[in-house]
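Please look over the sequence and the coordinates before reading on. The paragraphs that follow walk through selected parts of the fold and say what the atoms support at each stop.

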Amino acid sequence: MKLTRAQIIRYKKHISLPEIGLEGQWKLNQANVLLIGAGGLGSPIALYLAGAGIGRIACMDFDRVEVDNLHRQVAHTEKTVGMPKVYSLQKQLQQLNSDIVFEPIQEKVTAANIAQYIADYDVVIDGCDNFETRYLINDACAKQQKPLVYGSVLNFEIQMAVFNHKGSKDFRAIFPGPPHPHDGRSCGL
């Protein structure tokens, strides 16, 4: 367990917290996190993960930056409009923390690919914006017993939870199935 002098200086506020300390910062530096979604939730989450010194972050998203994203998707800029979100995010994270490893995955989550992607990560963060993807992520995490950090925002409402951690339930234990398509609201409006 060894942090460089530069890392100790950079993370001194974390290290000064008894709950984190040098050992905790080392664990953050060694962590592997898969973030799904580089939008309204995913982009600020990625910035904070990189700022905290998470050693390896991957982000999976198939979308491109649009002008109407910029008011809430704070990792993207006017200069990255039209760029795939994962590459826009990569540019920002490299400028924020060059010590981390960032892996852009420009793909849509599918039943065929999600299990292989989550296998390599310690924690999965769901920052997606639709129920179909949310259930695919949950089911793959539950099967592999991967901790899943879930977040959802719509207008002024937010939900957050951690699933599959130390015997806790999964997303389906609370929400057995997605709402009928006509009942669910969309953040795409």
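The model shown here is predicted, and every value below should be read with that in mind.

A convenient place to begin is helix H3, which spans residues 21-30. Within H3, the residues Gly21, Gly24, Gln25 and Asn29 are buried. Viewed down the axis of H3, these buried residues fall within an arc of 145 degrees, and so they line one face of the helix. The cover over the buried residues of H3 includes helix H1 (5-10), helix H2 (12-15) and helix H4. Ile20 lies in the loop between H2 and H3, where it is partly exposed, with a relative accessible area of 25%. Leaving out residues up to four places away in sequence, Ile20 touches His14 and Gln25, the latter being one of the buried residues of H3.

Ile20 also leads to the second largest pocket, since both Ile20 and His14 appear in its lining. The space in this pocket is about 230 Å³. Besides those two residues, the lining includes Leu28, Ala31 and Val33, then Tyr48, Leu49, Ala52 and Ile54, and finally Val123, Ile125 and Val149. Helix H4 (42-52) and strand E4 (123-126) each supply at least two of these lining residues, and H4 gives the most, with three. By class, the lining of the pocket has 11 nonpolar residues, one polar residue and no charged residues.

From the pocket, one may turn to the loop between strand E2 (56-60) and helix H5 (85-96), where Gln73 is placed. Gln73 counts as buried, because its relative accessibility is 2%, under the 20% limit for that class. Not counting residues up to four places away in sequence, Gln73 touches Ala38, Gly39, Gly40, Ser43 and Lys85. Thr80 sits in the loop between E2 and H5 as well, and Thr80 is likewise buried, with a relative accessible area of 2%. The contacts of Thr80, with residues up to four places away again set aside, are Val65, Ser88 and Lys91. Val67, also placed in the loop between E2 and H5, is by contrast exposed, with a relative accessible area of 59%. Between Val67 and Lys79, which are 12 residues apart in sequence, the distance from C-alpha to C-alpha is 10.0 Å.

Further along the chain, Leu136 is found in helix H7, which covers residues 131-144. The C-alpha atoms of Leu136 and Thr110 are separated by 7.1 Å, although the two residues are 26 residues apart along the chain. When neighbours within four places in sequence are left aside, Leu136 is in contact with Val109, Thr110, Ala111 and Ile114.

The cysteines deserve a separate look: how many disulfides does a search of the whole structure find? The search finds zero. For Cys59 the reason is distance, because its sulfur is 11 Å from the closest cysteine sulfur, that of Cys128, which is too far for a bond; a disulfide would require the two sulfur atoms to be within 2.5 Å. Cys141 is in no disulfide either, and its nearest cysteine sulfur, again that of Cys128, is 11 Å away. Cys59 counts as buried, at 0% relative accessibility, and Cys141 is also classed as buried, at 0% relative accessibility.

The last stop concerns the backbone. Most residues other than glycine have a negative phi. Against that background, Asn164 has a positive phi of about 60 degrees although it is not a glycine. Asn164 is placed in the loop between strand E6 (157-163) and helix H8 (171-174). Lys166, found in the loop between E6 and H8 too, has a phi near 50 degrees, which is again a positive value in a residue other than glycine. Are these two residues buried or exposed? Asn164 is buried, with a relative accessible area of 5%, whereas Lys166 is exposed, with a relative accessible area of 78%.

Notes: Residues numbered from 1 in each chain as written. Predicted model: local features only at pLDDT ≥ 70, side-chain atom pairs only at ≥ 80, totals over all residues. Heavy atoms only, no water. Buried < 20%, exposed > 50% of the residue type's maximum accessible area, 1.4 Å probe, protein only. Helix = DSSP H or I, 4+ residues; strand = E, 2+ residues; numbered from the N terminus. 1 Å grid on protein atoms, 1.4 Å probe; cavity = no way out; pocket = protein on both sides within 12 Å on 5 of 7 lines; lining within 4 Å. Points joined across faces, edges and corners; volume = space filled by probe spheres on them. Nonpolar A, V, L, I, M, F, W, Y, C, P; charged D, E, K, R; others polar. Arc of directions from axis to C-beta. Contact = heavy atoms within 4.5 Å.
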